[in-house]
Amino acid sequence: MISLTDSQKIGIGLTGFGVFFLFFGMILFFDKALLAIGNILFVVGLAFVIGLERTFRFFFQKHKMKATSFFLGGVFIVLIGWPIVGVCLEFYGFFLLFRGFFPVVIGFIRRIPVLGSLLNLPFISGYVDKLGESNNMV
């Protein structure tokens, strides 16, 4: 069992609420307020989970500056009131930032009984294999 500190538990809760508010904001036709709250909670929760210094090191690495600028720029654009454009920029930045984690996530999902069989369907497996072949370091 993994032991978590109190700040990491708070961070997991904040990140979870952030994802919930982001999802709920998109369901409600890109509601500005919900998306802004979700973005703030997600970023603050991430900082609580992995620590402030490691968060800055993750986002501001030289080879991730393009991805960071898209992600944080999207957050800023959502905060100033253009939710659809901001969310599109955020998704692109999120994909660029976390694409090194996708092979690990796909490998984990393939071990889950029902989801693994869905990923092995003929039309889906080709796309999943391409997504899982990323050899970029995290």
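Guide: A helix here is a DSSP run of H or I with at least four residues, and a strand is a run of E with at least two. The model in front of you is predicted.

Visitor: What makes residues 36–56 a helical span?

Guide: DSSP assigns 95% of that span to helix and 0% to strand. Its end C-alpha atoms are 21 Å apart. Residues 68–85 are 89% helix and 0% strand, with 16 Å between the end C-alpha atoms.

Visitor: Why are these spans called transmembrane?

Guide: That label comes from UniProt, in an unreviewed entry, which gives "transmembrane region" for residues 12–30, 36–56 and 68–85. Such an annotation may be inferred rather than shown by experiment.

Visitor: How do you know which element types the chain has?

Guide: The DSSP runs give eight helices and zero strands. Read from the N terminus, the order is α-α-α-α-α-α-α-α. The C-alpha trace spans about 45 × 40 × 30 Å along its principal axes.

Visitor: What makes the group with Phe42 and Leu46 a nonpolar core?

Guide: A core needs buried nonpolar residues joined through side-chain atoms within 4.5 Å. Phe42, Leu46, Phe58, Phe59, Ala67, Phe71, Val75, Leu96, Leu97 and Phe98 form the largest such set, ten residues in all. Two or more of them come from each of helix H2 (32–50), helix H3 (52–59), helix H4 (65–80) and helix H5 (83–98). For Leu96, the contacts beyond four places in sequence are Lys66 and Ala67.

Visitor: How many residues of the chain count as buried?

Guide: The cut-off is under 20% relative accessible area. Of 138 residues, 29% count as buried. The accessible surface totals about 9,400 Å², with 75% of it belonging to carbon and sulfur atoms. Among contacts with a separation of 6 or more, 52% join residues 24 or more positions apart.

Visitor: Why is Ile27 called partly exposed?

Guide: Its relative accessibility is 46%. Partly exposed is the class between the 20% and 50% cut-offs, so Ile27 belongs there. Ile27 is part of helix H1 (residues 6–27).

Visitor: What makes Ile27 eligible for a surface patch?

Guide: A patch residue must have over 30% relative accessible area, and the 46% of Ile27 meets that. The nonpolar patch consists of Phe17, Phe20, Phe23, Phe24, Ile27 and Leu28, with about 610 Å² of accessible area together.

Visitor: Why is the pair Glu53 and Arg57 called a salt bridge?

Guide: The limit between the side-chain nitrogen and the carboxyl oxygen is 4 Å. For Glu53 and Arg57 the closest N and O atoms are 3.9 Å apart, so the pair qualifies. The two residues are four apart in helix H3, which puts about one helical turn between them. Glu53 has 58% relative accessible area and is exposed, whereas Arg57, with 49%, is partly exposed.

Visitor: How do you know that Asp129 and Arg110 form a salt bridge?

Guide: Their closest N and O atoms are 2.6 Å apart, which is within the 4 Å limit. Asp129 belongs to helix H8 (residues 122–132) and Arg110 to helix H6 (residues 102–110), so the pair ties together parts 19 residues apart in sequence. Asp129 is partly exposed at 33%, and Arg110 is partly exposed at 31%. In general, side chains of opposite charge can pair when their charged atoms come close. The search of the whole structure finds two salt bridges.

Visitor: What makes the phi angles of Phe29 and Phe30 worth listing?

Guide: Most residues other than glycine have a negative phi. Phe29 is not a glycine, yet its phi is positive, about 60 degrees. Phe30 is not a glycine either, and its phi is positive at about 55 degrees. Phe29 is in the loop between H1 and H2, and Phe30 lies in that loop too.

Visitor: Why do Phe29 and Phe30 fall into their exposure classes?

Guide: Phe29 has a relative accessible area of 75%, over the 50% cut-off, so it is exposed. Phe30 has 27%, between 20% and 50%, so Phe30 is partly exposed.

Visitor: Why is Leu118 called partly exposed?

Guide: Its relative accessible area of 42% is between 20% and 50%. Leu118 is in helix H7 (residues 113–119). From Leu118 to Val105 there are 13 residues in sequence and 15 Å in space, C-alpha to C-alpha.

How values were computed:
Residues are numbered from 1 along each chain as its sequence is written. This is a predicted model: local features need pLDDT of at least 70, side-chain atom pairs count only at pLDDT 80 or more; totals for chains, interfaces and linings use all residues. Side-chain values use heavy atoms; hydrogens and water are left out. Buried means under 20% relative accessible area, exposed over 50%, partly exposed in between (1.4 Å probe, protein chains only). Contact means heavy atoms within 4.5 Å. Patches are made of residues with over 30% relative accessible area and no salt bridge: like charges are joined within 9 Å, nonpolar side chains (Val, Leu, Ile, Met, Phe, Trp, Tyr) within 5 Å. Accessible areas come from the Shrake-Rupley method with a 1.4 Å probe; for residues, only the protein chains shown count as cover.
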